[in-house]
Amino acid sequence: MKTSGGTIVPLILRRMRPPLLVLISAYAIAVAGLTLMPGQDGDGAPWRMDFFHAFYVITYTAPTIGFGEIPYEFTGAQRLWVTFSIYLTVLAWLYAVGTIISLIQDPAFRGAMQRARLRRAVRLMSEPFYIVCGYGDTGSLLVRSLTERRRRVVVVDHAQAAIEALELRDLGVYVPGFQLDAEVPDNLAVAGLQHRWCAGIVAVTDSDHANLKVALTSKLQNRSMTVVARALTAEGAANMASFGTDKVINAYDGFAERLRLAILSPDMHRIQDWLTGIPATKLPERPLPPSGRWIICGFGRLGRAVYRELKRLGMEVVIVDRDPAGNACPPDTVAGKGTEAATLRASGIASADALLAATSDDADNLSIVMTARTLNPDIYIAARENDLTSKPLLQAAGVDLPVEPSYILASRTLSVLNAPLLDDFLDQAHGQDRAWQATLAEDIQGVAAGIIPETWTLRVSQARAPAVLDALERGVEVPLSAITHHPRDRTQSLDCLALMLVREGEFTLLPGQETRLASGDRILFCGTDQALGLMTVPLRHVNNLRYMISGESVPDGLLWRLLVARRTGPRHAR
């Protein structure tokens, strides 16, 4: 029952002490007075009520129940005292009940009860879960994606509105939400940081300092835990990476690198875009960005990142900014917001190949897009989406490449949590030739069925693949094809693709179906959610794995073994 601010019981006792004292005093006065009032027994002899009978009478009289005059009829003095006792105890009860109602409505008490309930829910968790610090656009996307994949989540946010929004979401599973400051280490402990089932923590608040504090606290208290943190600046990213944060994500740098990749290697860009997207969403097929002359409106974090990457490619880039001196813009910057036709004309919109609307205001970005389309209908346009609610407007405006920081952060985080080998695979894939990348892009598109594929990592271990490990220990060779085909029809391939196999530190890209599995292997897959579910059958069931390897299907259930034992028992006996 403990909460971060103490315990509920002392809070109740502190608030209820005065009404309890009043109530006890009222009962004590009423009982004591009734024992002093002169009465008569059934024969008319003088008689005084003892404490037991007095307490009994006051007990049913105080709440106005009424049960008669016992053990004898009351005298006038006793009836007068009972009348006084009724008013005295009823007023005491009204005061006590009023205090209880006030306590129940008190925000501090309700908060303490809520925290106690949440802590109990976290304490009782019996499967891996992730802590998400920050429930804004990025946090909500991430929580929804994790819960859709049957992952348990705990949310921490300092804003009451964010926690209320979480409680209103229909996520399919219960997600505890703590209204706490994530920068306080004790609050992270309350949310389950030191819980044995806590698999990782994700810091996606709007503050570099808060994300840094969360990452630092997590690594100090549990070094084996996966820690993913959002960085708003290059300095913040370097700071977080310096003490071993597993993944530091800067959405603007990430977009700029993706843009450069799309210009240099379109197929590799498609592969990375598909494998790191949010699964079960539509597979994006966007026009490729041109390599000509670019205009960037807004020289903030996004504008700087894109400007740096485009200049590395040797492209001509013109900056449009309302405060060139204050934002340390290049010397040839055009002063203005970019929402005015005159400003865009001055930047050379008529001869430009592409434009990026990179301001921090969605209304300004939409205005820039509309004005640019009017002045140059054929221009390629990318635009920053600061708020998820602006997505339909940007789509209606015909933006070729939306810059969605929340989506970038959520998708990259999800890929790290779901498939730790994905970054290694992408690093290896970058070094392959364009023909290899083009073939892989077609293969991924073939198994994806029009949606972003799931990515997952399989380790050949007792926990994840007991049937495979059992076969290997018995000397049976298990090919990769035994787990990538349908468990009820071994001739039908699952909609999945083995991207990489890691064995003793060696990377094998696109392992063949004949590849023999070994204990300790780690394999990166992509494919549909259905394929992921069906793959678990031969991994865990010995009989099904036997069928996948040899084609033989032998009954092997508990009931079958009992029947066989009964039939063969007498023969062995003879």
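Here is a short chat about a few helices and a sheet in this predicted model.

Me: Hi! How is the open sheet with six strands ordered?
Reply: Hi! The order in this predicted model is S7-S6-S5-S8-S9-S10, and the pairing is parallel.

Me: Which strands are at the edges?
Reply: Those are strand S7 (177-179) and strand S10 (247-249), each of which pairs on one side only. From one strand to the next, the twist averages 15°.

Me: How many bridges link S9 and S10?
Reply: Three bridges, in the parallel sense, with strand S9 covering residues 226-230. Arg230 stands opposite Ile249 in S10.

Me: And which helix lies across S6 and S7?
Reply: That's helix H6 (residues 160-168), and it runs at about 165° to S7.

Me: New topic: at what angle do H5 and H16 cross?
Reply: Roughly 40°, with the axes of H5 (residues 137-148) and H16 (residues 405-418) coming within 8 Å. The crossing is right-handed.

Me: Which residues make that contact?
Reply: From H5, they include Leu141, Leu142 and Leu146; from H16, they include Leu409, Ala410 and Leu414. By class, the contact has eight nonpolar, four polar and one charged residues.

Me: Last one: which residues of H19 are buried?
Reply: In helix H19 (residues 466-473), Pro466, Ala467, Val468, Leu469 and Ala471 are buried.

Me: What do they pack against?
Reply: The buried residues of H19 pack against helix H20 (529-540) and helix H21 (542-550). Just after H19, you'll find Gly475 with a positive phi of about 85°.

Conventions. Residues are numbered from 1 along each chain as its sequence is written. This is a predicted model: local features need pLDDT of at least 70, side-chain atom pairs count only at pLDDT 80 or more; totals for chains, interfaces and linings use all residues. Side-chain values use heavy atoms; hydrogens and water are left out. Axes are lines fitted to C-alpha atoms, for helices over the stretch in contact, and angles run from 0 to 180 degrees between N-to-C directions. Helices (H or I, at least four residues) and strands (E, at least two) are DSSP runs, numbered from the N terminus. A crossing is left-handed if the near helix is turned anticlockwise from the far one by less than a right angle, and right-handed if clockwise. Contact means heavy atoms within 4.5 Å. Ala, Val, Leu, Ile, Met, Phe, Trp, Tyr, Cys and Pro count as nonpolar, Asp, Glu, Lys and Arg as charged, and the others, Gly among them, as polar. Buried means under 20% relative accessible area, exposed over 50%, partly exposed in between (1.4 Å probe, protein chains only). Two strands pair if DSSP finds at least two bridges between them.
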